[in-house]
Amino acid sequence: MAIYFDEVTQQFHLQAGQTSYVIQVHKGAYLIHRYFGRRLLNPKIEQPLITVDRAFSPNPDPLDDTFSLDTVPLEYPVFGSSDFRLPAFEAELHDGSSIVDLRYKTYRIFSGKPKLDGLPATYVEHENEAQTLEIDLLDETLQLTVTLRYTAFLSHSIIARSVSVANCGQHDVKLKRVLSAVCDFPNGSYNMLHLPGAHAREREVSVLPVGRMAQLLESRRGASSHQQNPFFALVSPNTTEDSGEIFAFSFVYSGNFLMGVDPDQYGMIRAMVGINPFGFAWQLKPGETFHAPEALLGYSQQGLGSMSRDFHRLFRTRLVRGTFRDQVRPVLINNWEATYFTFDQETLLDLGRSASKLGIELFVLDDGWFGHRDNDRSSLGDWKIDFRKLPEGLQSLEKGLRDQNLKFGIWVEPEMVSPDSDLYREHPDWCLHVGDRSRSLGRHQLVLDFSRSDVQEAILDQLTHLLQSAPIQYVKWDMNRHMTEVGSVAWPKDQQSEVGHRYILGLYHVLEELTKQFPSVLFESCSGGGGRFDPGMLYYMPQVWTSDNTDAIGRLFIQFGTSLLYPSISMGAHVSAVPNHQVGRITPIDTRGLVAMMGNLGYELDVRNLSSHDRDRVNEQVLFYKSIQRLVLFGDLYRLRHPNTQKDAAWMYVGVDQREAIATYVQILAQGNPPMDRLMLRGLDPIIQYEVSLIVHDLQYSIPENVLHVAAFGDELMNVGLVIPYLLGDFRACAWTLKAR
Ligand code: DGJ
């Protein structure tokens, strides 16, 4: 059993993996949060809720001046009747008031996990993988029912929460804030870890102490964004990869979000997750229901590493869907950094020929193949071949590549329209805009109004034709600007504040239809790199182009930050040219290869011009990657050294049965006369003896055999460690393979 209800104390106890979550109905009406943390053995908390009379905290029950909603931990707080903290829910009512009083009504416990209508969410394959609790709260006057949904997974320390609001009354209710989860932590001292960033600098790891005022992270950009990822964690001070208590919050949504904490006067910390109320409102008519997306609440008492591995497993197996969930991905070549917009069929086939000789398996034709797109100023929306560049069409190109043993993939940016396009000339009102106000351009383009079903259908139609026009096996779905002038001619004036969320629902609809129609196509999501690297997109597309920054050292930071929550199999990572196009850095080909092997390996450079040294290396890299690919994509990740020290970085993957592993070390800056350094491995079986082989190239000295090949028990490798060879020069790297003897 994962969920208990105790009639006497009116407590719900959810057990998920190693965590417990306890909710109590107080006075038959109020939903109190009692506990979230290490799994409790006893199904109920014996000690009652203690309340005391506090000045300036009003009492909703006139007979009890010790009880105020302002001073107790709550499950789904509403503003206006004695709780002054940031609420989970706010609405504007037909009489202009905004007081809502949600009282406990009833509950249901059942096996499995229901689908969320039109929204991405984690799922179960068998009913016995999880149990779900639904609690109905009711505002009697309005006849408004708010259903809180909690799913406890048996084998993950993660609880999924979502919320539905049903208007069973007579009047419209304007929803202004419907968060997906709020969680009050009674007291304690925490740091807040989150992943801020920018284009080409996504998901930097930032840790701040939780102070005495609200600390909120949000997106107002219409997409989950490069700037903040929809994730944060409350971590105990001194948390490391292996130790510390962590409460993690992830939001399965790709649009504007609000997350963060609101600490109160008594040291209670309110954590929250939901659609950003900024610019949002939803007109809920009688008989209608609104669904708020899923929030995931994770718990770890063993540091960041175990939190990451738990989310990795959940995302990999019960968020991502489709054929590619359990499949290794082809090693690809993408022509973007090799050619940008300037190519013709011969160039592409040439590139393909060289790539194929290196063992590369799939060719991705990036931007510039359609309309008359010689630069980024035109043609988005016209998904038809540019016959100037590809006179024989896609079929012929695909055939030419197939003859070289390469599968074929293509880039699209379906949510956008260029003012210089046939689509825009025909339908100037199909983009997001507000009346006659000027339409701000981003990368010279406008955002299509995906809140409209006619736009969704027209784009679906174009994409269906495209994907049927040739054997396309991979699609890179890009999105290169954020939303401005968010308005739609399709919706009346009192529904304009719905457009941002309706856009995301429309996008999800298109993705659902397309992925259903083309189940054997591998979809990669992209938004100028990792601008929409969120669990919502992963539900439809199993991998994401992690960043437009392809520099190996820049990627260390980005991939480490990303790996806090997202599994390696979800990351696209490419080897690119030097000097690197984004930062100008020159790094060895081996380092570029080993860093890109932290995800789905690809190449994004003109492989025709490789030196013979680099060509040999790439050849070896592809073979080596194929030999460790399952380990990287399906194994457990251990971050051994974080690049934040600016000195080095190291990580490893361990197979599920602990019989195989691969560890990688990257030196960022070389030191003169460095100390002898050892790398402590993790995740191995202490009593298995492993054969360890060091892989390192281009050293200026020869390595003794007893460093190149070691046989040692997991115990020794994790505690005594492995000698790191002396790597002369900045940005050098090496790796070790481990196999049980
Ligand atoms: C942004 C992507 O992140 C790049 O990889 C590339 O596809 C360009 N767009 C093409 O315009």
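## Helix packing and a buried histidine

The buried residues of helix 4 (buried: under 20% relative accessible area, 1.4 Å probe, protein chains only) are Gly393, Leu394, Ser396, Leu397, Glu398, Gly400 and Leu401. This is a predicted model, in which local features need pLDDT of at least 70 and side-chain atom pairs count only at pLDDT 80 or more, while totals for chains, interfaces and linings use all residues. Residues are numbered from 1 along each chain as its sequence is written, and side-chain values use heavy atoms, leaving out hydrogens and water.

Helix 4 is largely enclosed by the rest of the structure, because 7 of its 10 residues are buried. Those buried residues pack against helix 3, strand 21, strand 22 and helix 6 (contact: heavy atoms within 4.5 Å). Helices (H or I, at least four residues) and strands (E, at least two) are DSSP runs, numbered from the N terminus.

| Element | Residues |
|---|---|
| Helix 3 | 345-357 |
| Strand 21 | 362-365 |
| Strand 22 | 407-412 |

Helix 6 (residues 453-469) also packs with helix 7 (residues 499-517), at an angle of about 25° and with axes 10 Å apart. The two are therefore roughly parallel (angles under 35 degrees). On the helix 6 side the contact includes Leu460, Leu463 and Leu467; on the helix 7 side, Val510 and Leu514 are among the residues met. The contact residues divide into 5 nonpolar, 6 polar and 2 charged.

His194 lies in strand 11 (residues 191-196) and is buried, with a relative accessible area of 8%. Among the residues His194 touches are Leu208, Leu217, Phe231 and Phe232.

Conventions
Axes are lines fitted to C-alpha atoms, for helices over the stretch in contact, and angles run from 0 to 180 degrees between N-to-C directions. Angles under 35 degrees count as roughly parallel, over 145 as roughly antiparallel, 65 to 115 as roughly perpendicular and the rest as oblique. Ala, Val, Leu, Ile, Met, Phe, Trp, Tyr, Cys and Pro count as nonpolar, Asp, Glu, Lys and Arg as charged, and the others, Gly among them, as polar. Buried means under 20% relative accessible area, exposed over 50%, partly exposed in between (1.4 Å probe, protein chains only). Lists of a residue's contacts leave out its neighbours within four places in sequence.
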